[in-house]
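Welcome! Please take a look at the sequence and the structure below, and keep them at hand as you read.

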Amino acid sequence: MNSTSSDARQMALEALEAVVGGGKHLRDALDAATFQCADARERALARELGFGVIRWTQRLSALRRLLVPRKPKPLRLDLILQLGLYQLEYTRIPAHAAVSATVDLTRRNRLQHARGMVNATLRRYQRERQHLLDSLDRSAPARHAHPQWWLDRLASDWPDRWQAVAAANNARAPLTLRVNQRRVSRAEYLDRLEAAGIGAGACAFAPCGVNLTQTADPTSLPGFADGLVSVQDGAGQLITQLLTAKPGLRVLDACAAPGGKATALLEHFPGLELHAIDNDAARVDRLRGNLARLGLSARIDVADAARPEDWWDRRAYDVIVLDVPCTASGIVRRHPDIRLARGPGDIDRNA
């Protein structure tokens with residue numbers, strides 16, 4: 001059921017099904033699901049629900065198994081239950097509204113036969129919450145919301161801190177912006193956010209960085225459409241501090257999409273000659289869109305960095321930026337779907 005509705009739960013459900021059932025990246029799935037929604041609040045809620053369910057997927061799946069031992073079919077019904085449980089446990093949505101909306105979501109997805117089961121399951125959770133949570137905490141993957149193999153590696157590498165690392169992975173990452181200082185200073189942009197009633201503060205280590213203190217749809221932020229800011233993690237912004245500017249600097253960004261590093265470099269170094277390549281055509285389209293929004297230009301190719309004979313013009317680069325494939329376990333706070341996509345063999349294989 002592809003929905004053009006502005007209903008946040010339906011959009012979140014479609015994104016979750018693409019991630020859990022189709023192996024899609026969570027951010028890409030949410031972008032696709034919310035693309036046609038004009039309501040910024042509904043888009044923001046859809047993202048909150050999507051990220052939340054995936055962040056706590058080991059715990060929510062275990063909780064669903066306690067409540068409904070036989071896995072519901074189809075997958076969409078299982079995800080509807082997890083969406084309902086997430087709203088009851090992790091959001092401030094009133095319980096009666098969370099239950100009613102989840103039951104309605106069941107009906108809207110042509111699963112009318114399961115409405116009674118969904119309603120009874122969520123109401124049982126409300127009645128037996130503490131007993132159920134106590135039972136969950138007997139299992140390490142359910143308690144810490146990580147696969148067992150991941151917890152084993154953490155405990156081996158950080159025997160005194162592994163639980164703190166797992167807890168940090170489950171924390172919400174701040175929404176961090178990079179201010180385009182060609183157009184506005186960070187202080188000026190913080191004033192704009194304050195005037196719009198949006199809480200924010202300067203990033204401690206990234207000179208152009210701003211951390212929001214609340215959830216927001218980036219496209220609704222002041223000046224976003226005009227290229228005043230971009231979404232980029234503070235650590236990612238430090239790419240500009242690692243290079244020394246010189247006239248005619250020639251840079252290859254060999255894993256460029258969706259463009260965070262490339263646009264940061266172009267903003268920071270006027271006159272930079274940047275060649276951006278990536279082997280994912282859909283993500284390259286996002287790179288082009290980001291460049292257009294920011295008023296920046298670069299040579300762009302859909303290409304495989306391992307086959308330079310297909311795209312290299314035989315002119316040397318001063319710098320090559322390469323974001324190589326890795327486990328990405330260090331950024332699971334911002335990309336919680338990594339815990340679904342990775343297995344124990346990925347660590348040695350990527351190394």
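## A parallel sheet

In this predicted model, four strands make up an open sheet with parallel pairing, in the order E7-E6-E5-E8. Strand E7 (299-302) and strand E8 (319-321) are the edge strands, and each of them pairs on one side only. From one strand to the next, the twist averages 15°.

Inside this sheet, strand E5 (residues 250-253) and strand E6 (residues 273-278) are joined in the parallel sense over four bridges. To find one of these on screen, go to Asp253, whose bridge partner in E6 is Ala276. Helix H13 (residues 260-268) packs on the sheet, where it touches E5, E6 and E8, and its direction makes about 165° with that of E5. Another helix to look for is H14 (residues 281-294), which lies across E6 and E7 and runs at about 165° to E7.

## An antiparallel sheet

There is also an open sheet of four strands with antiparallel pairing, and its order is E2-E3-E1-E4. Strand E2 (200-202) and strand E4 (229-231) are at the edges; each has a single partner strand, so one side of each has no neighbour in the sheet. Here the twist averages 30° from one strand to the next.

Strand E1 (residues 176-179) pairs with strand E3 (residues 209-212) in the antiparallel sense over three bridges. Leu177, for example, has Val210 in E3 as its bridge partner. You will meet H13 again here: this helix packs on the sheet by touching E1 and E4, and its direction makes about 30° with that of E1.

## Two helices that cross

Now turn to helix H1 (residues 8-20) and helix H3 (residues 40-55), which pack at an angle of about 40° with their axes 8 Å apart. H1 and H3 are therefore oblique to each other, and their crossing is right-handed. Residues making the contact include Ala8, Met11, Leu16 and Val20 of H1, along with Glu42, Leu45, Leu49 and Ile54 of H3. Sorted by class, the contact of H1 with H3 has 11 nonpolar, one polar and three charged residues.

## Aromatic pairs

How many aromatic pairs does the structure hold? There are three aromatic pairs. In one of them, the rings of Trp56 and Tyr90 have centres 4.9 Å apart and planes at 10°, so this pair is stacked. The pair links distant parts of the chain, 34 residues apart: Trp56 is in the loop between H3 and helix H4 (57-67), while Tyr90 belongs to helix H5 (residues 75-90).

Notes
Residues numbered from 1 in each chain as written. Predicted model: local features only at pLDDT ≥ 70, side-chain atom pairs only at ≥ 80, totals over all residues. Heavy atoms only, no water. Pairing = 2+ DSSP bridges. Helix = DSSP H or I, 4+ residues; strand = E, 2+ residues; numbered from the N terminus. Axes fitted to C-alpha atoms, helices over the stretch in contact; angles between N-to-C directions. Contact = heavy atoms within 4.5 Å. Parallel < 35°, antiparallel > 145°, perpendicular 65-115°, else oblique. Left-handed = near helix turned anticlockwise from the far one by under 90°. Nonpolar A, V, L, I, M, F, W, Y, C, P; charged D, E, K, R; others polar. Phe/Tyr/Trp six-rings, centres within 6.5 Å; stacked < 30°, edge-to-face > 60°.
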